[in-house]
Amino acid sequence: MSAPIATIRRIAITTGGGDAPGLNAVIQAVTRAALQRGWACLGIRDGYDGLLRPERYRPGDGCIALTAERVEGIASLGGTLLGSTNQGNPFAYPVCQADGSTVLADRSQDLLDALAREQVDALVAVGGDGSLAIAHRLAQRGLRVVGVPKTIDNDLDGTVTTFGFDTAVAFASECIDRLHTTAASHHRIIAVEVMGRYAGWIALHAGLAGGAHAILLPELPFDLARVAELVRQRDAQGLSHSIVVVAEGAHPRGGERTLSGPAEAGHAERLGGMGEQVSQALARLTGKDARCVVLGHLLRGGSPSAFDRVAALRFGAAAVRALAAGQHDVMVALDGNDVRPVSLADVAGRMKAVPLDGDTLATARDLGLCLGA
Ligand code: F6P
């Protein structure tokens, strides 16, 4: 984890995988903290594409010099100044063949060579599980790397939370608030599908905050007969609408997850469609009118919440402090009230699911919410 403190003159930063509110705040913090130490800071466009596919950019524009002026005022902006991709793993990089097919090639050495040509002494890699696993492999190849945990899904191990999650949950719960009134007016069931991949953090937190009546999580395979029973009980009490939050990775007991599209080369499978299935099945089981609303990428957009801005700024500054202290192959993580480095080897590729014995799930049960299990 610690290396002899070598002189750093120039660092690079990359943002990879699905974007999350707070990425620009990390870029601002890394840039400012680097400049304060007299280091230059280079932003790599679109994951590592700016270095691996420079021909896609205007000459010299695959990387951009991050100056104080360039990062001024960006902490409140959603998205990422640098762009991102989830098809840019340098160890399995999609390469087009003459016949139009795509093969995955190991281009990690090309990346290390390009970083050396750019005189980059260390890298800050901002990303989710996939990007941090890549960062760890690059560190094993000798690059000085510090990871920053990003994802709206909050499914990264080793950190209390990731930035992006709070903004996604706030927006989802506002949407659920709005759906209550229209569902109540029409005496309907509304299924609200939210992102989160194989973890139910967004569904659980947004469902609780938004006063949902049922929440279906990937961690608890569901039986829709239980949700239909809840709907009937509510009807019997004169409560004629029900809101069911469905995590995109949720699935029935003994059933499969739903995929929204075919897997492409170098791309993780795309989840989606379970909300519609739940809505149609509940309409059949209860005889009620039902609708589905998919929040999808809306959860990734917009301005980061104050919590996410501060978390992202803290993570970015901590990443630079870690490099200055000679640490590498680490991820900066929220641990209690402090941000500390943890070994990338211990966290890369490890998913953090909603704990079945945790107090948030116990809260949902104590409030009488239906978890379909
Ligand atoms: O990991 C973040 C996330 O938004 C997931 O919640 C979702 O399944 C996935 O990314 C969607 O990715 P894409 O950008 O490929 O649609």
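1. Start with the ligand: 10 residues surround it, and those coming nearest are Asp 153, Met 195, Glu 248, His 297 and Arg 300. A residue counts as near if one of its heavy atoms lies within 4 Å. Keep in mind that this is a predicted model, where local features need pLDDT of at least 70, side-chain atom pairs count only at pLDDT 80 or more, and totals for chains, interfaces and linings use all residues. Numbering runs from 1 along each chain as its sequence is written, and side-chain values use heavy atoms, with hydrogens and water left out.

2. Now the polar side of things. A side-chain N or O atom of Glu 248 is 2.5 Å from a ligand oxygen. For His 297 the corresponding distance is 2.8 Å, and for Arg 300 it is 2.8 Å. The protein covers 82% of the 400 Å² of accessible area that the ligand has on its own (Shrake-Rupley method, 1.4 Å probe).

3. What classes of residue make up the shell around the ligand? There are 2 nonpolar, 4 polar and 4 charged residues, with Asp, Glu, Lys and Arg counted as charged and Gly among the polar ones.

4. On to the domains: the chain is divided into domain 1 (10-163 + 304-347) and domain 2 (167-301), with bounds from an automatic or database domain assignment. Their contact (heavy atoms within 4.5 Å) takes 14 residues from domain 1 and 15 residues from domain 2. The ligand shell draws at least three residues from each domain.

Definitions and conventions
A polar contact is a pair of N or O atoms within 3.5 Å; within protein, one must be able to donate a hydrogen and the other to accept it, and residues adjacent in sequence count only if both atoms are side-chain atoms.
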